[in-house]
Amino acid sequence: MGLFGFGKKKEEVKESCCCGSAPVKESANECCCACGENGCHIKVLGAGCKSCHEQYENVKKAVADMNLDAEVEYITDMQIVMSYGVMSMPAIVVNEQVVSTGKVLKAAQVAELLKKLGC
């Protein structure tokens, strides 16, 4: 019974991405990931510090060395970073899955990780 409108709250229905996950981007028309068709979508999460920027550069180098058709994005917005549950940075997210946190991987290590993930 909801007296004065204080009853059960209605569940919010959020639109999902084409891959089934909740969209990270503000626009509902934009996909949050590569969904397999366009290759891997890689995000480097960081606070903008030297080690986070170094991780971003290493990921870009690994993608270039492997000739991957992958989008690499550097995210410093703490709300987005926290939405992934990441507590230590830098972190690497591949197709909306956190694959590395808290350490700077060299380009060769990133390439090996991407091969394991099938990128």
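This is a short walk through a predicted model, one selection at a time.

**Stop 1: helix α1**

Start by selecting residues 50-65, which make up helix α1. How far apart are its end C-alpha atoms? They sit 22 Å from each other, and that agrees with the span expected for 16 residues at 1.5 Å a residue.

Now colour Cys52, Gln55, Tyr56, Asn58, Val59, Ala62 and Val63, the buried residues of this helix. Turn the view until you look down the axis of α1: these buried residues fall within an arc of 165°, so they line one face of the helix. For the other side, pick Lys50 and Asp65, both of them exposed.

What covers that buried set? Show β1 (41-45), β2 (71-75), β3 (91-94) and α3 (107-116), which are among the elements lying over the buried residues of α1.

Before you leave the helix, click on asparagine 67, which comes after α1. The phi angle of asparagine 67 is positive, near 55°.

**Stop 2: a pair within α1**

Go back into α1 and show the side chains of lysine 60 and glutamate 57. They form a salt bridge, with 3.6 Å between the closest N and O atoms. The two residues are 3 apart in the helix, which means about one helical turn separates them. Are they buried or exposed, or something in between? Lysine 60 has 33% relative accessibility and counts as partly exposed; glutamate 57, at 34%, is also partly exposed.

**Stop 3: a pair within α3**

Move on to helix α3 and select glutamate 112 and lysine 116. Their side chains meet in a salt bridge, at 3.9 Å from N to O. With their positions 4 residues apart in α3, about one helical turn separates this pair too. Glutamate 112 is partly exposed, having a relative accessible area of 47%, while lysine 116 is exposed at 67%.

**Stop 4: a link across the chain**

The whole structure holds 4 salt bridges, and the next one joins parts of the chain that are distant from each other. Select glutamate 96 and lysine 43, whose side chains meet at 2.8 Å, N to O. Where does each partner lie? Glutamate 96 is in the loop between β3 and β4, lysine 43 is in strand β1, and 53 residues separate them.

Try a surface view of this pair. Lysine 43 has 2% relative accessibility, so it counts as buried. Glutamate 96 reaches 21%, just over the 20% cut-off for buried, and so counts as partly exposed.

Keep lysine 43 on screen and add glutamine 97, which lies in strand β4 (residues 97-101). Although 54 residues apart in sequence, glutamine 97 and lysine 43 have C-alpha atoms 9.6 Å apart in space. Glutamine 97 itself is partly exposed, at 48% relative accessibility.

**Stop 5: a nonpolar patch**

For the last stop, switch on the surface and select Met78, Met82 and Met87. Together these methionines make a nonpolar surface patch of about 330 Å². Which helix holds methionine 82? It is found in α2, residues 78-83. With a relative accessibility of 45%, methionine 82 counts as partly exposed.

How values were computed
Residues are numbered from 1 along each chain as its sequence is written. This is a predicted model: local features need pLDDT of at least 70, side-chain atom pairs count only at pLDDT 80 or more; totals for chains, interfaces and linings use all residues. Side-chain values use heavy atoms; hydrogens and water are left out. Patches are made of residues with over 30% relative accessible area and no salt bridge: like charges are joined within 9 Å, nonpolar side chains (Val, Leu, Ile, Met, Phe, Trp, Tyr) within 5 Å. Accessible areas come from the Shrake-Rupley method with a 1.4 Å probe; for residues, only the protein chains shown count as cover. Buried means under 20% relative accessible area, exposed over 50%, partly exposed in between (1.4 Å probe, protein chains only). The expected span of a helix is 1.5 Å times one less than its number of residues. The arc is that of the directions from the helix axis to the C-beta atoms. Contact means heavy atoms within 4.5 Å.
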